[in-house]
Amino acid sequence: MPIHEYQVVGRHVPTEREANPKIYRMRLFAETSIHAKSRFWYFLSKIVKMKKATGEILNVSEIFEAKPTKVKNFGVFLRYNSRSGTHNIYKEYRDLTRCGAIAQMYDEMASRHSAREKSIHIIDIKEIAAKLTRRANTKQFLDSGIKFPLTHRVPKTLPQFKKTFSAARPNTF
C-alpha cells in the first residue's frame with residue numbers, strides 16, 4: 001500500500017479544571033488515516049502524559065505535494081531501534097514527492113538495517129538544494145552529464161524522392 005502524509009490535530013478532552021487544553025499537531029507518514037491516528041497517539045503518549053482515552057482528535061487531513069512533477073532532493077532525519085540499541089541517522093533521497101522519499105527510506109532501512117516500519121521514527125524531512133547534498137549516492141545524479149544515445153535513427157526523405165521499391169538495403173545509422 002502506498003504511503004501518504006497526514007496532519008493530525010488533537011488535544012486533551014476539556015474538563016472543568018482545564019476548559020481550553022493545549023492543541024497538538026503532527027505531520028505523520030502512514031498508509032491510511034487510521035494508521036496516522038494510531039501513530040499520533042503513540043507519539044503523544046511519549047511526549048506528554050496523554051492517552052487515547054483522555055484525548056480527542058480534532059482533525060485528520062492528508063497533505064499533498066505542491067509540485068509533484070519536479071524532481072527534488074530530500075534529507076531525512078530519523079531514529080530507529082535496532083537489536084543493539086537506538087540510532088540516529090541522516091539519509092538523502094531523490095524523488096518527486098516527500099511520500100516517495102519516505103517509501104524509499106522504509107525500503108532501504110528494511111534491506112540495509114533490518115528495521116521495521118514500527119521501529120522507525122521520522123524526526124524531520126526537508127527539501128534540500130542540490131549544492132547542500134552530502135551523500136555520494138545523491139550527488140551522482142546532480143549535473144552528471146548523463147546522456148542517452150538515440151539508437152536506430154532512420155533518416156527521413158522527401159516524398160518526391162521516395163521510391164516504392166529500392167534496390168539496396170536501407171542504412172539506418
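Okay, let's start with the overall make-up: across residues 4-126, the chain is 25% helix and 43% strand, and the C-alpha atoms at the two ends of that stretch sit 16 Å apart. Why that stretch? UniProt, in an unreviewed entry, marks residues 4-126 with the feature "domain: Large ribosomal subunit protein eL20". And before I go on, keep in mind that what you have on screen is a predicted model.

Let me go to the charged side chains, and to one residue in particular. Glutamate 5 is in strand β1, which covers residues 4-12. So is glutamate 5 buried or exposed? Its relative accessibility is 2%, and the cut-off for buried is under 20%, so glutamate 5 counts as buried.

Who does this glutamate talk to? Setting aside residues up to four places away in sequence, glutamate 5 touches Arg27, Leu28, Phe29, Ser61, Glu62, Ile63, Arg98 and Cys99. Two of those names are worth pulling out. There's a side-chain polar contact from glutamate 5 to arginine 27 at 3.1 Å, and another from glutamate 5 to arginine 98 at 3.0 Å.

As a reminder, side chains of opposite charge can pair when their charged atoms come close. Here, the side chains of arginine 27 and glutamate 5 form a salt bridge, 3.1 Å from N to O. Arginine 27 sits in strand β2, residues 23-30, and glutamate 5 in strand β1, so this pair ties together parts that are 22 residues apart in sequence. The two partners have their own burial classes: arginine 27 is partly exposed because its relative accessibility is 43%, while glutamate 5, at 2%, is buried. If you step back, Glu5, Arg27 and Arg98 are linked in a network of salt bridges.

How many salt bridges are there by this rule? The count is seven. I'll show two others.

Next up is glutamate 56 with arginine 11. Their side chains meet in a salt bridge at 2.7 Å, N to O. That one links distant parts of the chain: glutamate 56 is in strand β3, residues 55-63, and arginine 11 is in strand β1, with their positions 45 residues apart in sequence. Glutamate 56 has a relative accessible area of 26%, so we call glutamate 56 partly exposed.

Then there's glutamate 65 with lysine 72, a salt bridge at 3.8 Å, N to O. For anyone about to ask, the cut-off for a salt bridge is within 4 Å, so this pair is counted. On burial, glutamate 65 comes out as partly exposed at 23% relative accessibility, whereas lysine 72 is buried, with a relative accessible area of 4%.

Okay, moving along the chain to threonine 133. You'll find threonine 133 in the loop between β6, which is residues 120-128, and α3. Its relative accessible area is 4%, so threonine 133 is buried. What does the side chain of threonine 133 reach? The backbone oxygen of alanine 130, at 2.9 Å. Leaving out neighbours within four places in sequence, threonine 133 is in contact with Asn73, Glu92, Ile128, Thr138, Lys139 and Leu142. Take Glu92 from that list: threonine 133 and glutamate 92 are 41 residues apart along the chain, yet their C-alpha atoms are separated by 7.6 Å.

Now a couple of backbone angles for those of you who like to check torsions. Most residues other than glycine have a negative phi. Serine 114 has a positive phi, near 55 degrees. That serine lies in the loop between α2, residues 98-113, and β6, and serine 114 is partly exposed, with a relative accessible area of 38%.

Histidine 152 also isn't a glycine, and its phi is positive too, at about 55 degrees. Histidine 152 lies in the segment after α3. Its relative accessible area is 59%, so histidine 152 is exposed.

Last stop, the surface. Which residues make the nonpolar surface patch of about 380 Å²? Those are Phe141, Ile146 and Phe148. Of these, isoleucine 146 is placed in the segment after α3, with α3 itself being residues 136-139.

That's my tour. If you want one thing to pull up on your own screen, make it the salt-bridge network of Glu5, Arg27 and Arg98.

Terms used
Residues numbered from 1 in each chain as written. Predicted model: local features only at pLDDT ≥ 70, side-chain atom pairs only at ≥ 80, totals over all residues. Heavy atoms only, no water. Helix = DSSP H or I, 4+ residues; strand = E, 2+ residues; numbered from the N terminus. Buried < 20%, exposed > 50% of the residue type's maximum accessible area, 1.4 Å probe, protein only. Polar contact = N/O pair within 3.5 Å; in protein donor to acceptor, adjacent residues only side chain to side chain. Contact = heavy atoms within 4.5 Å. Patch = residues over 30% accessible without salt bridge, like charges linked within 9 Å, V, L, I, M, F, W, Y side chains within 5 Å. Areas by Shrake-Rupley, 256 points an atom, 1.4 Å probe, with all protein chains shown as cover. UniProt positions renumbered as here; feature names shortened; annotations may be inferred.
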